[in-house]
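Biologist: I am new to reading protein models, and I would like a close look at one part. Could you take me through chain B slowly, and then show me a few residues elsewhere that deserve attention?

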Amino acid sequence: MADETVDVLIIGAGASSAAFAWSLAETRMNVLCLEQGDWMNPSTYPTTGMDWDARAHGDFAFSPNVRRRAEDYPVNDAESPIAIAMFNAVGGSTITYAAHFPRFHPSDFRARTLDGVADDWPLDYARLEPYYTTNERMMGVAGLAGDPAYPPKEPVLPPVPLGKLGETIARGFNALGWHWWPSDSAIATLPYEGRDACVNLGPCLTGCAQGAKASTDITYWPAALRRGVRLKTRCRVREITVAANGMVDGAIYYDADGAERRQKAEVVVLACNGIGTPRLLLNSRSRHFPDGLANRSGLVGRNLMFHPYAMVVGVFPERLDGFKGPTGCGLMSHEFYETDASRGFVRGYSFELMRGVGPVTMALWGLSSGLVPWGSAHHDAFATVFDRTAGLLAICEDLPDPENRVTLDRELVDGNGIPAPKIDYQVGANSRRLLDHGIARATEVLQAAGALVTSSEAPMRVAGWHLMGTARMGTDPSRSVVNHWGRAHDVPNLFIIDGSLFVTAGAVNPTNTIQALALYVADTIKQNLANLFD
Amino acid sequence: MTDDLDLTSDERHTLTCVLDELIPRSQDGRFPAAGELGLVAYVGRRMRQRPSLRATVRERLAALAVDARGRGASGFAALDHGDREAVLRQHEAAAPAFFAELLVEAYSGYYQHPRVLEALGLEARPPFPGGHRVEPSDLAVLLGSVRARPKMYRPG
């Protein structure tokens, strides 16, 4: 059964597509988005019930393999020390992200020129800067101007409060003379554009019932829909179809009832994240593209980058009220962000403060770490850690490696029989040194702040939140999948706008950059409408 | 809470005793034991969502009874505290996957119970809609030395 032909078909309704659709809508083109998930109902988010903390390990777990919602697809990540974390819904993983929202540094776009590794991006910070600004206004970013780690920028809202825990850690950084700054956070600290102000619920990572966290289902999407964009949910795309002339002409998908349908389109835009996009490209084989759509370079799925995380937890002698306030937003440090050859590695990492956690999560962490045993010692052990911990995450830059990749699993399939992605990934030698350095420095900070004991995990297993590099940008068709504005080298009416585009990973959370890129691609399309396929 | 495990009353009593050993009453009495809170129903409901574990629960409870009789007791519940713990340690070693699942459910159920939350000094309510009040910090003071630093970023 065929639907009408649309001008632009977007696959996926997460961070990037929301921004892209909102921008492109002003052209009055017929824009349709297909999303395999559904609209979320914030009144059913875990924080509305007594079981909120336990649900973070169940139907709101980071891993789709644990969550196993009908709209999720499985991921074979057994061959990776880092497990995939994502969410499938309108809003995508912004539903469950921490909303830690820094920009990339200018140097992140010039790794080859500055440090002799990886590749330069085909654009620079200055090119993206206006799109960062627009994105931060649309998402409502809280922060504080004057950060010496960045070129000047003006957050639109005041920063999230540090709280007792944040102040404690800030004093640790100050004692060492190291940089820290209130986090750039996509959280409304004041009422903003119809969103209520944050009330410091705490567990942002299971959806924000308050509506203060900027997930795109409550930011860009309502604005895009008002501009005429259409969004169909519970539609899972199986493949992109290719016409006789080698151009894409639409997609085949399964609707909510499982019926196979065809959607024709003049332009197709992929926004399925750094795993879902290569999966769909690789599953779209045709006479023109026997190895997967837009894959003449052989690079689709390759150069997968995460941010390997080192998690260092300090236990303090007094309670810190750590469960009060946004979990992953408080303060950040870029002391070790830029390359310093004396450290024994290139590039760097940032620190992100993790506040305390709820009682269930603390108990389960204590159980897995051996700090909170069962039996007669249980209560004393729990009392020594509950609300007395603070965590520092070292978010380490991952260099691209073509052997780190996404392929299609030969056996595992989703609910519609579509092959699942398989992840082959190893932490590189440079990243290992970054992780070790991060553990040592985080331990120093926590001790300077007064921690009695510390423990660490690196790389964190359940930390594959940032999915990048699997259809990267570039000017050379033999070394990249898309050009400098997201258009596939091999297919002039196919665009990619998600984290797959990233040439390098930087060392901060990528969502702000993903969305700035999506806005940039949309703007460039608008500027080239007359000769879009030339 | 309903018990979906379809356990006999003896089995339910044994599981309650097991939970009491995993998380016992605190010495000062502020924290109740897990079985005392009626968590057998919670654990049962969670185990029911994993059919393979449901059968395993009954198998493990039966094995506990066998071990208890080997120690001269009529059942696990009849053992004293020291023997109960010793038997459970044996079972933890013999069936680590099951035991780990049981612990996860016991810990999860226990630390969301209103009586436990209150004993921890917390309000027994969900985070939403009340949230929490967090006082603002004096950033001018805390950030003074950082603000004074020269720019740290490299030009692109």
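Modeller: Here is a walk through chain B, followed by some single residues.

Please keep in mind that this is a predicted model, in which local features need pLDDT of at least 70 and side-chain atom pairs count only at pLDDT 80 or more, while totals for chains, interfaces and linings use all residues. Residues are numbered from 1 along each chain as its sequence is written, chains are lettered from A and ligands numbered from 1 in the order in which they are written, and side-chain values use heavy atoms, with hydrogens and water left out.

Let us begin with the overall build. Chain B contains 8 helices and 0 strands (helices are DSSP runs of H or I with at least four residues, strands are runs of E with at least two, and both are numbered from the N terminus). Read from the N terminus, its elements go α-α-α-α-α-α-α-α. The radius of gyration of chain B is 23 Å, well over the 15 Å that the globule rule gives for 156 residues, so the chain is more spread out than a compact globule. (That radius is taken over C-alpha atoms, and the rule is 2.2 Å times the number of residues to the power 0.38.) Along the principal axes, the C-alpha atoms of chain B fill a box of roughly 75 × 40 × 30 Å.

What about inside and outside? Of the 156 residues in chain B, 48% are buried (buried means under 20% relative accessible area, exposed over 50%, and partly exposed in between, with a 1.4 Å probe and protein chains only). The chain exposes about 7700 Å², and carbon and sulfur atoms supply 52% of that area (areas come from the Shrake-Rupley method with a 1.4 Å probe; for residues, only the protein chains shown count as cover). Among contacts in chain B with a separation of 6 or more, 62% are between residues 24 or more positions apart (contact means heavy atoms within 4.5 Å).

Now zoom in on helix α5 of chain B, residues 96-110. At 1.5 Å a residue, its 15 residues should span 21 Å, and its end C-alpha atoms are 21 Å apart, which agrees (the expected span is 1.5 Å times one less than the number of residues). Several residues in this helix are buried, including B:Phe98, B:Phe99, B:Leu102, B:Leu103 and B:Tyr110.

Further along, look for a cis peptide bond between B:Phe128 and B:Pro129, with omega about 5°. B:Pro129 sits in the loop between α6 (114-119) and α7 (139-142) of chain B.

Chain A offers a cis peptide bond too, joining A:Ala458 and A:Pro459 with omega about -10°. A:Pro459 is placed in the loop between β15 (453-457) and β16 (494-496) of chain A. A:Arg472 also lies in the loop between β15 and β16, and at 7% relative accessibility it counts as buried. Leaving aside neighbours within four places in sequence, A:Arg472 touches several residues, among them A:Asp119, A:Asn303 and A:Phe502.

For a contrast, find A:Glu193, which is exposed with a relative accessible area of 67%. Its phi is near 50°, a positive value in a residue other than glycine.
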